[in-house]
Amino acid sequence: MLNYILKRLLTLIPLILGISIMSFFVIHLAPGKPTDIRFELNQKVSLQTRDRLEKLYGLDEPIIIQYWKWLKRLGQFDFGRSFIDERPVMDKIKERIPITLAINLVSICLIFLIAIPIGVFSAVGEGKGFDRTMTIMVFVGFAVPTFWLALLLIKLFSVDLHWLPVSGIRSLEFETFNFWGKTLDYIRHLILPIFVSAFTSLAGLSRYMRTSMFEVLHQDYIRTAYAKGLPKRRIYFRHALKNAILPVITIVGLSIPGLIGGSVIFEQIFAIPGMGKLTYDAVMSRDYPVIMCVLVISAFLTLLGNFLADIAYCFADPRIRYGAKKQ
Amino acid sequence: MMSRFFNHKLALCGLVIILVISAFSFSAPLICRYQPDDIDIGKYLMPPTSEHWLGTDLLGRDLFSRIAYGGRISLSVGFIAVGLMAVVGICFGALAGYYAGKIDELIMRFVDIMFCFPRFILILAIISMLGPNIFIVMAVIGLTSWMGISRLVRAEILSLKERDFVLAARASGVNDFKIIIRHLIPNSMGPVFVSATLGVAAAILLESSLSFLGLGVQPPTPSWGNILMDAKACLGVAWWLSVFPGLAIFFTVLGYNLLGEGLRDLLVPRK
């Protein structure tokens, strides 16, 4: 097990280097030097500041040295200061992460709680009414643009019915509420964003769960279980589900990039002050240090997600564990 | 083959949806009574009437025409992006699969690295550097989505190149380039067609998301995404502005997904 983890860690090194090179390449796509744009946008920037920035990015140096510096700063998680308010980029990111993380965690849990039963029951009753309905629902789920869904939900629940607030994460009179009032206020504000962020992955995951369960249900040991006369519930939930759910673990890791990208869209629509909104604002105002930081961090998070999923999978499935040992 | 396709209800349904929407968009000048950018301030935010079938927007522009003309843009972006994605994916996949060894290792590591970047964030970063316009959107969507295809093509070619017909071709002195172009790539197109069809759906969704955020196709050129961006401002008063363009995206994406899944059933042999 430990061996496997170590081996897997080693394979991460070239990927991390690759991510740094790709990101470095993206910075250099900017027209001219990043400092030139800054200069145009903000006439008040003194020559001194400009020099300082040029030094920060090392833009007057050969490209190899520039890259080396970028790598060194990456290692220290130093992404420089925002072009907009001069605050260190990492600080800005750190204060935005909790809300985004919270929304995404809740929606991941929601996805699992809904998608797994859907997948299981579809596979069990293959070709029957429920399965057919769900197949159609999955296609619908894949085809609905999240931002459109968000617009329609806001229109229905906030604008027409006045049940939920239109945007933001808390009401103006938030401070006057007691604990339960505050909790309720958060829930009222976040229910739509969470639903929207869960929606797309829901279709994918339930489809995936169905396929996985379907394959397991056609294995010999399940037939044996039937033959032994075990009750169906027991077969489905004890014997089949355990094995069918394994591949789904990896999907959590794979769904991270989608969730990060999705955050930009729903946070912008619902005006939620998280990472996604920060990214959107940075893109709109061409705040390059923030954009680069988000890009690199999201890539690392994806890498980490895949890595953890692999480890979890290996932990859960002895075949992989022993297979790795043999090598 | 064809009869199997016509018996596959989902695929057929998808194809019909795609044909209807494409016909609607590309015959826009024939069926639309207004130009998509004809401003008529006197008739702003009119609900659907017999004169303006789907109503008008904030500037009094006819929504029906805007959706029809916007469809041309959105569909073209989807197609060109996918064309680019297929070409790049096939080239890398074929090189990796055929030459194996170091080239393969290098290309596949590059694919892994590209997969690490959340696509939407990478696209946003690149667009923020280069500035949003329709060609950059096409290029960026295509160049950030070829990895899946190159993995598929590589896998196909790895197994194909051991087959007798490739040996025969090589024995008769055909050079590598011709073997790849004439024999290997055509035989590995099945899964590529499936991915490309699904890819059109994904590209249209991406383009509309970007345009909705104001980072894709720029006004006054209409695209389904940026019509919805305008709709956001009039959410309370004009339901038709947000409902119809969204339906257009929805049905187009649905059509390509249905067709793609249908093609998968038909073209990709199951285990």
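## Helices and the model

Helices are DSSP runs (H or I, at least four residues), numbered from the N terminus. This is a predicted model: local features need pLDDT of at least 70 and side-chain atom pairs 80 or more, while totals for chains, interfaces and linings use all residues. Residues count from 1 along each chain as written, chains are lettered from A and ligands numbered from 1 in written order, and side-chain values use heavy atoms, without hydrogens and water.

## A pocket in chain A

Helix 13 of chain A gives the largest share of the second largest pocket's lining: eight residues. A pocket is an open set of points on a 1 Å grid over the protein atoms alone, where a 1.4 Å probe fits, with protein on both sides within 12 Å along at least five of seven lines; lining residues have an atom within 4 Å of a point.

## One face of helix 2, chain B

Helix 2 of chain B has buried residues (under 20% relative accessible area, 1.4 Å probe, protein chains only). They are Ala11(B), Gly14(B), Ile17(B), Ile18(B), Ile21(B), Ser22(B) and Ser25(B). Down the helix axis, they fall within an arc of 125° (directions from axis to C-beta atoms), so they line one face. On the other side, Lys9(B), Leu19(B) and Val20(B) are exposed (over 50%).

## Aromatic pairs

Over all chains there are 16 aromatic pairs (Phe, Tyr or six-membered Trp rings, centres within 6.5 Å). Phe79(B) and Tyr256(B) pair edge-to-face (planes over 60 degrees apart). Their centres lie 6.2 Å apart, with 75° between the planes. Phe79(B) sits in helix 4 and Tyr256(B) in helix 13 of chain B, 177 residues apart. Tyr256(B) is buried at 5% relative accessible area. Phe79(B), at 48%, is partly exposed (between the buried and exposed limits).

Technical notes. Helix = DSSP H or I, 4+ residues; strand = E, 2+ residues; numbered from the N terminus. Phe/Tyr/Trp six-rings, centres within 6.5 Å; stacked < 30°, edge-to-face > 60°.
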